[in-house]
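Here are some short exercises with worked solutions. Try each task on the structure before you read its solution.

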Amino acid sequence: MSHTVRKIFIDFEKEEEWLNDMAAKGLALTEFSWARYVFEESGKGEYIYRIELLEDGIKGAKSVEYLQFMEEAGAERVPMNKGQVSYNKWVIFRRRASEGPFIIYSDTDSKIKHYRRIHRLWISLALMEFIIGFMNVGLMALDNVSIVSNINLVTGLLLLVLGAAFLLFSLPVHQKIKKLQSDKLIRD
């Protein structure tokens with residue numbers, strides 16, 4: 001029997017923790033898309049889940065090679081909802097818990113690289129929203145008072161707020177990068 005859960009995550013670590021909690025309850029993730037997770041009943045704790053943001057899209061040469069490596073290591077990629085084209089850099093891996101611990105990042109440098117990819121994603125989204133938001137506000141300023149200029153103002157302000165939210169989402173990731181770098185300096 002399948003169960004669909006709709007849930008939004010901003011922090012991939014919290015999402016990963018939730019997926020592993022669901023697996024501990026006997027629910028195995030079978031497909032996902034934005035804010036939608038489909039689970040099938042399975043043995044309790046049968047799988048361990050890990051989430052990763054790849055360097056390039058799923059079909060990129062580096063990613064294909066990496067996905068093959070993960071498959072050889074006993075991990076499988078959870079498929080996305082059919083027809084879904086976004087998220088092509090985000091992957092959810094699962095591996096049977098009976099195969100032992102499932103760790104993707106065994107060293108600090110690879111963790112830092114992963115967090116930097118996520119940080120760049122949030123910053124890119126924030127910049128895009130700021131640019132489009134300021135353009136809408138600028139169009140409003142150029143237009144005479146009309147319904148279109150009011151729509152541009154409202155749209156622009158909403159995009160600026162969204163850009164600020166993306167910027168806020170990037171802060172904890174930036175802090176994790178700094179902490180990892182600091183920990184690495186102490187160990188070295």
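**Exercise 1. Follow one lysine across the chain.**

Task: Find which side chains meet Lys176 in salt bridges.

Solution. Step 1: Start with Glu13. The side chains of Lys176 and Glu13 form a salt bridge at 2.3 Å, N to O. The term stands for a side-chain nitrogen of Lys or Arg within 4 Å of a carboxyl oxygen of Asp or Glu.

Step 2: Place the two ends. Lys176 is in helix 4 and Glu13 is in helix 1, so this pair ties together parts that lie 163 residues apart in sequence. Helices (H or I, at least four residues) and strands (E, at least two) are DSSP runs, numbered from the N terminus.

Step 3: Add Asp11. Its side chain meets that of Lys176 in a salt bridge of 3.6 Å, N to O. Asp11 sits in the loop between strand 1 and helix 1, 165 residues apart from Lys176 in helix 4.

Step 4: Check exposure. Buried means under 20% relative accessible area, exposed over 50%, and partly exposed in between (1.4 Å probe, protein chains only). Lys176 has 26% and counts as partly exposed. Glu13 is partly exposed at 29%. Asp11 is partly exposed too, at 23%.

A note on the source: this is a predicted model, where local features need pLDDT of at least 70 and side-chain atom pairs count only at pLDDT 80 or more, while totals for chains, interfaces and linings use all residues. Residues are numbered from 1 along each chain as its sequence is written, and side-chain values use heavy atoms, leaving out hydrogens and water.

**Exercise 2. Look at other charged pairs.**

Task: How many salt bridges are there by this rule, and which residues are linked in a network?

Solution. Step 1: The count is 12 salt bridges. Side chains of opposite charge can pair when their charged atoms come close.

Step 2: Glu52, Glu55, Lys62 and Arg117 are linked in a network of these bridges.

Step 3: Now take Arg95 and Glu99. Their side chains meet at 4.0 Å, N to O. Arg95 is buried, at 11% relative accessibility. Glu99 is partly exposed, at 42%.

**Exercise 3. Build the sheet.**

Task: In what order do the 3 strands of the open sheet lie?

Solution. Step 1: The order is 1-3-2, with antiparallel pairing. Two strands pair if DSSP finds at least two bridges between them.

Step 2: Find the edges. Strand 1 (2-6) and strand 2 (27-33) each have a single partner strand, so one side of each is left without a neighbour in the sheet. From one strand to the next, the twist averages 25°. Axes are lines fitted to C-alpha atoms, for helices over the stretch in contact; angles run from 0 to 180 degrees between N-to-C directions.

Step 3: Count the bridges. Strand 1 and strand 3 (residues 36-41) pair over 5 bridges. Here Thr4 stands opposite Val38 in strand 3. Strand 2 and strand 3 pair over 6 bridges. Leu29 stands opposite Phe39 in strand 3.

Step 4: Add the helix. Helix 1 (residues 12-24) lies across strand 1, strand 2 and strand 3, at about 20° to strand 3. In strand 2, 6 of its 7 residues are buried.

**Exercise 4. Examine the hairpin.**

Task: Which residue between strand 2 and strand 3 takes a positive phi?

Solution. Step 1: The hairpin has 2 residues between the strands, and Ala35 takes a positive phi near 60°.

Step 2: Compare with the general pattern. Most residues other than glycine have a negative phi.

Step 3: Ala35 is buried, with a relative accessible area of 11%.

Step 4: Move on to Arg36, in strand 3. Arg36 is buried at 18%. Its side chain joins that of Glu31 in a polar contact of 3.4 Å. Such a contact is a pair of N or O atoms within 3.5 Å; within protein, one must be able to donate a hydrogen and the other to accept it, and residues adjacent in sequence count only if both atoms are side-chain atoms.

**Exercise 5. Find the core.**

Task: Which residues of the largest nonpolar core touch the most other members?

Solution. Step 1: Among the 27 residues of this core, they are Leu19, Leu29, Tyr37, Phe39, Tyr49 and Ile92. A nonpolar core is a set of buried Ala, Val, Leu, Ile, Met, Phe, Trp, Tyr and Cys residues joined through side-chain atoms within 4.5 Å.

Step 2: Helix 1, strand 2, strand 3, strand 4 (47-53), helix 3 (108-142) and helix 4 (147-187) each supply at least two residues of the core.

Conventions: Contact = heavy atoms within 4.5 Å.
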